[in-house]
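Biologist: I am new to this one. Can we go through it together, with a reason for each label?

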Amino acid sequence: MSSQIDAVILAGGMARRMGGDDKGLVELNGEAMIKHTIDRIKPQVKEILINANRNQTRYAEFGFKVISDEHTGFLGPLAGMITAMGQTDADYLLVVPCDCPLLPTDLVPRMLAAIKAEDAEIAVASDGEYEQPVVLLLKPSLRDSMKAFLEAGERKVDFWYAKHHFVVESFADQPNAFVNVNTPEQKQRLAMEITK
């Protein structure tokens, strides 16, 4: 039996380094950043949720359900993940940020294979050097654990998953896969990468 996998794209942050612009809606080569992310993951999952705490109407135009953090106050990616985990009945939830337009087109199959090989609860993507704490495949049943962690005042995703049986899947063969956009300069560089 194949596993059902849904995805959440995290677009709920403040984007302070982008001058407060909503990162998912910043244009990259004529399309909103989140559209590049959607195009990468859509063939790999059943349903997509978009986690956004502002501009919800604009995000809804992409044709997917938009969910806002249950916990108010822009508490970071964990809050978006907790909300999404409560909105899916899939076996696994893929978590990706809205500003990674070069995500691997084989992200889900490789992370799922890693989880199954180790009988793990969570797979974390790595670029070969660094773990990418907001690129995860996890079991939605971990929601209570994550909620307790956040409510205890913790914010760091990697500290949370370190408490569980997790595996790291390296995408060293795709070194630019997790390049993200935090500044207008990075956006310019990435636009050149995409047009190559």
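Modeller: Start with strand β1, in what is a predicted model. Ile5, Ala7 and Ile9 point one way from β1. Asp6, Val8 and Leu10 point the other way.

Biologist: What makes β1 largely enclosed by the rest of the structure?

Modeller: The count does. 6 of the 6 residues of β1 are buried, so the strand is largely enclosed. Buried means under 20% relative accessible area. The alternation has a general background: in a regular strand the side chains alternate between the two faces of the sheet.

Biologist: How do you know that β1 pairs with β6 and with β4?

Modeller: Pairing takes at least two bridges between two strands. β1 and β6 are joined by 6 bridges and run parallel. β1 and β4 are joined by 4 bridges, and they also run parallel. Both pairs therefore meet the cut-off. Take two positions in β1. Ile5 has Tyr92 of β6 as its bridge partner. Ile9 stands opposite Ile50 in β4.

Biologist: Why is the pairing of the sheet called mixed?

Modeller: The sheet is open and has 7 strands, in the order β5-β4-β1-β6-β8-β7-β9. Its pairing is mixed. One parallel pair is β1 with β6. An antiparallel pair is β6 (residues 92-97) with β8 (residues 131-138), joined by 3 bridges. Within that antiparallel pair, Val95 has Leu136 as its bridge partner in β8.

Biologist: What makes β5 and β9 edge strands?

Modeller: β5 (65-67) and β9 (166-170) each pair on one side only. Neighbouring strands of the sheet are turned by 30 degrees against each other on average, direction ignored.

Biologist: Which strands does helix α1 lie across?

Modeller: Helix α1 (residues 33-41) lies across β1, β4 and β6. The helix runs at about 165 degrees to β1.

Biologist: Why are α3 and α5 called roughly antiparallel?

Modeller: α3 and helix α5 (residues 143-151) pack at an angle of about 150 degrees. Angles over 145 degrees count as roughly antiparallel. The two helices are therefore roughly antiparallel to each other. Their axes are 10 Å apart, and α3 passes α5 in a left-handed crossing.

Biologist: Which residues make the contact between α3 and α5?

Modeller: From α3 come Leu78, Ala79, Met81, Ile82 and Met85. From α5 come Arg143, Met146, Lys147, Phe149 and Leu150. These residues divide into 8 nonpolar, no polar and 2 charged.

Biologist: How do you know whether Thr83 is buried or exposed?

Modeller: Thr83 lies in helix α3 (residues 77-85). Its relative accessibility is 2%. The limit for buried is under 20%, so Thr83 counts as buried. Leaving aside residues up to four places away in sequence, Thr83 touches Ile67, Ser68, Asp69 and Glu70.

Biologist: What makes Asn29 partly exposed?

Modeller: Asn29 has a relative accessible area of 37%. Partly exposed lies between the buried limit of 20% and the exposed limit of 50%. Asn29 is therefore partly exposed. Asn29 sits in the loop between β2 (27-28) and β3 (31-32). Its phi is positive, about 50 degrees, although Asn29 is not a glycine.

Biologist: And why is Asn55 called partly exposed?

Modeller: With a relative accessible area of 34%, Asn55 falls between those limits, so the label is partly exposed. Asn55 is in the loop between β4 and α2 (56-60). Asn55 is not a glycine, yet it has a positive phi of about 55 degrees.

Technical notes
Residues are numbered from 1 along each chain as its sequence is written. This is a predicted model: local features need pLDDT of at least 70, side-chain atom pairs count only at pLDDT 80 or more; totals for chains, interfaces and linings use all residues. Side-chain values use heavy atoms; hydrogens and water are left out. Buried means under 20% relative accessible area, exposed over 50%, partly exposed in between (1.4 Å probe, protein chains only). Contact means heavy atoms within 4.5 Å. Axes are lines fitted to C-alpha atoms, for helices over the stretch in contact, and angles run from 0 to 180 degrees between N-to-C directions. Angles under 35 degrees count as roughly parallel, over 145 as roughly antiparallel, 65 to 115 as roughly perpendicular and the rest as oblique. A crossing is left-handed if the near helix is turned anticlockwise from the far one by less than a right angle, and right-handed if clockwise. Ala, Val, Leu, Ile, Met, Phe, Trp, Tyr, Cys and Pro count as nonpolar, Asp, Glu, Lys and Arg as charged, and the others, Gly among them, as polar.
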